[in-house]
Amino acid sequence: MNAVLIALLLLPLLGAAATLAPLGADPAAADRRALRLGTAVTGVVLLLTVVLATGFDRGAPSRMQAVTDLRWIPAIGVRFHLGVDGISLPLIVLTALLTFLCAVYSTKRLPDGEGTPSARSFTGLLLLLEVGMLATFAVLDLVLFFLAFEIVLIPMYFLIARWGNGQRVMSANRFILYTLLGSAVMLLGFLLVGTQAGTFDMTELAAAHGKGLSHTTQVIAALAILAGLAVKAPAWPLHSWLPDAHTSAPTVGSVLLAGVLLKMGTYGLVRVLLPIVPDGTATFAPYLGALAAVGIVYGSLACLALALPSPTADSGAKGDLKRLIAYSSVGHMGFVLLGIASLTPTGVNGALFANIAHGLITGLLFFLVGAVKDRYGTADLDTISGATGAALYGRAPRIGALLAFASVASLGLPGLAGFWGELLAMFGAFDPAAGLSRPAFVTYMVIAGLGTLLTAAYLLVVVRRVCMGDPKQPAVVAEIPDIRPYEAVSWTPLAALTVVAGLWPALLLSLSDPAVKHLLGGG
């Protein structure tokens with residue numbers, strides 16, 4: 001199985017290199033071959049993740065499996081160390097699935113780029129992005145984790161800057177500056193831990209559970225690592241790069257940014273912060289919980305402001321649907337951060353479940369919003385809905401039904417994936433770990449509960465304005481096509497898995513729970 005894990009990383013890297021090779025004199029034919037290559041490579045990677053998941057020993061999810069551990073840079077003690085456990089395996093499968101669906105989608109709907117868009121460049125960047133995302137969840141060395149964390153920045157920057165729309169260059173610059181600054185601060189924390197502990201190996205550091213690191217060292221390292229990862233999470237108030245990036249990014253860029261890249265920050269908090277510097281984490285947990293609670297309400301209020309009709313035509317308060325979904329991610333990831341801040345198995349399990357649920361549901365939402373934008377020529381909610389509503393139920397009933405389904409899943413309807421993560425995160429806050437202030441965390445839980453009500457409010461407003469209305473009334477376009485075959489292929493797995501995870505939460509919790517208890521206990 002360790003060969004399978006290595007192949008997961010090597011295959012998309014070779015695929016990205018292959019897009020640089022000459023593919024003939026006809027640029028159009030070369031672009032078509034590149035898109036097919038991207039679909040084939042990401043499809044094989046997805047199959048390999050299925051093999052990895054099938055061969056995974058579910059009886060011991062807390063044990064690192066498919067391990068490769070080789071000396072890499074002996075001078076500083078860096079090792080080429082890979083492995084998966086019950087925490088990282090679902091994220092690896094999610095990453096492979098979303099990348100494959102984006103590749104399939106792009107074969108028929110390549111985003112419009114600056115000048116003449118090159119499918120070869122797009123495919124190469126998509127595959128390179130997949131390498132970095134998969135590596136982040138598979139590496140077990142702090143230096144390798146930092147390198148994988150950085151690999152994703154350049155491909156995503158160019159996907160936004162070249163294939164985005166609107167103020168894409170400014171949004172891409174803001175994305176890269178925020179995340180690079182956060183990564184630099186995080187690296188300082190890694191170096192402090194590695195030099196003081198004498199190793200960068202994440203499994204050894206987790207097993208030590210802070211032994212050998214003074215309280216002061218742990219506090220300083222935890223602050224640096226937390227600040228760096230909070231930018232990517234994104235935690236309020238370090239979130240401001242996210243709405244611009246999502247608004248300008250192409251559809252597949254938004255899907256991967258929300259579905260995977262945001263998870264890299266919260267995964268780092270669980271994998272690195274909780275087990276390696278536990279004393280420092282406990283020091284900052286109340287503050288992280290407070291920021292999470294504020295982020296939940298702030299994101300929901302921002303979405304509600306964007307969802308409601310503009311009071312006047314020239315008020316400038318029109319709401320972009322992609323921007324609205326981006327702000328919703330701030331709120332949803334707030335629940336993830338709240339669960340982590342509780343420092344309890346229940347809360348951390350809820351955070352990990354919410355990670356997967358958010359990737360499925362928000363990935364589907366961005367696909368759907370992208371389809372609406374393609375058909376109406378705009379993602380502006382006021383323009384699309386007009387005075388009576390966009391009437392998707394009447395004009396494109398399948399798209400309308402899927403949009404309503406994704407919306408109610410996002411607001412946490414019981415029986416769908418969005419419910420369990422938020423519920424467990426709030427349970428964790430209701431009874432936090434010993435040493436944390438229970439009144440403070442109960443207050444955070446109450447605030448988070450208010451956020452769930454606001455979430456339901458703005459999503460129901462969106463469904464009413466986009467899906468309902470009179471289809472006979474004038475609209476931006478007279479007729480729009482319903483779901484196309486390539487869209488059905490790209491969207492159906494996400495909708496199906498949202499139902500499966502909602503009805504069978506033990507599928508994920510049975511993997512994560514033993515691994516979380518192992519990390520929190522310093523196993």
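Start by selecting Pro 237, which sits in the loop between H9 and H10. Look at the bond that leads into this proline: Trp 236 and Pro 237 are joined by a cis peptide bond, with omega about 5°. Keep in mind as you go that this is a predicted model.

Stay in that loop and step back to Pro 234, another residue found between H9 and H10. The peptide bond from Ala 233 to Pro 234 is cis as well, and omega there is near -10°. These bonds deserve a stop on the tour because most peptide bonds are trans.

**Into helix H10**

Now follow the chain into helix H10 and select residues 241–248. How many of its eight residues are buried? Eight of the eight are, so the helix is largely enclosed by the rest of the structure. Colour them one by one if you like: Trp 241, Leu 242, Pro 243 and Asp 244 come along first as you read the list, followed by Ala 245, His 246, Thr 247 and Ser 248.

What covers them? Show helices H6 (153–163), H7 (168–197) and H9 (215–232), then add H11 (251–276), H13 (321–341) and H14 (345–376); the cover of the buried H10 residues includes these six elements.

**Across to Ser 329**

From H10, hop over to helix H13 and pick Ser 329, which has its place there. Is this serine buried or exposed? Ser 329 counts as buried, at 0% relative accessibility. Bring up the residues around it: leaving out those up to four places away in sequence, Ser 329 touches Leu 242, Ala 258, Leu 262, His 358 and Thr 362. You have already met Leu 242, one of the buried residues of H10.

**A glycine in H2**

Next, select helix H2, residues 27–55, and find Gly 38 within it. Gly 38 is buried too, with a relative accessible area of 4%. Which residues does this glycine contact beyond its neighbours within four places in sequence? They are Ala 103, Thr 123 and Leu 127. For a sense of scale, draw a distance from Gly 38 to Tyr 393: the two are 355 residues apart in sequence, and their C-alpha atoms are 34 Å apart in space.

**Backbone stops**

Two residues are worth a look for their phi angles, given that most residues other than glycine have a negative phi.

- Ala 66: select strand S1, residues 65–73, to find this alanine. Phi of Ala 66 is near 55°, a positive value. Its relative accessibility is 12%, and Ala 66 counts as buried.
- His 209: go to the loop between helix H8 (202–208) and H9. His 209 has a positive phi of about 55° without being a glycine. This histidine is partly exposed, with a relative accessible area of 24%.

**Aromatic rings**

Turn on the aromatic side chains, and there are twelve aromatic pairs to look for in the structure. One of them is formed by Phe 419 and Trp 420. Rotate until you see both rings: the arrangement is edge-to-face, with 4.9 Å centre to centre and 75° between the planes. Both partners are partly exposed; the relative accessible area is 21% for Phe 419 and 25% for Trp 420.

Then select Tyr 105, Phe 367 and Tyr 486 together, as these three form one aromatic cluster.

**Zoom out**

To finish, show the whole chain, with its 21 helices and two strands. How does its radius of gyration sit against the globule rule? The value is 22 Å, close to the 24 Å that the rule gives for 523 residues, so the chain is as compact as a globular protein of that length. Along its principal axes, the C-alpha trace spans about 70 × 65 × 40 Å.

Buried residues make up 61% of the 523. Of the contacts with a separation of 6 or more, 82% are between residues 24 or more positions apart.

Switch to a surface view for the last stops. The chain exposes about 18500 Å², and carbon and sulfur atoms supply 68% of that area. Colour by charge as well: there are 30 positive and 26 negative side chains, and the centres of the two sets lie 4 Å apart.

How values were computed:
Residues are numbered from 1 along each chain as its sequence is written. This is a predicted model: local features need pLDDT of at least 70, side-chain atom pairs count only at pLDDT 80 or more; totals for chains, interfaces and linings use all residues. Side-chain values use heavy atoms; hydrogens and water are left out. Helices (H or I, at least four residues) and strands (E, at least two) are DSSP runs, numbered from the N terminus. The radius of gyration is taken over C-alpha atoms; the globule rule is 2.2 Å times the number of residues to the power 0.38. Buried means under 20% relative accessible area, exposed over 50%, partly exposed in between (1.4 Å probe, protein chains only). Contact means heavy atoms within 4.5 Å. Accessible areas come from the Shrake-Rupley method with a 1.4 Å probe; for residues, only the protein chains shown count as cover. Lys and Arg count as positive and Asp and Glu as negative; His and the chain ends are not counted. The place of a charge is taken as NZ of Lys, CZ of Arg, CG of Asp or CD of Glu. Rings of Phe, Tyr and Trp (its six-membered ring) pair if their centres lie within 6.5 Å; planes under 30 degrees apart count as stacked, over 60 as edge-to-face and the rest as tilted.
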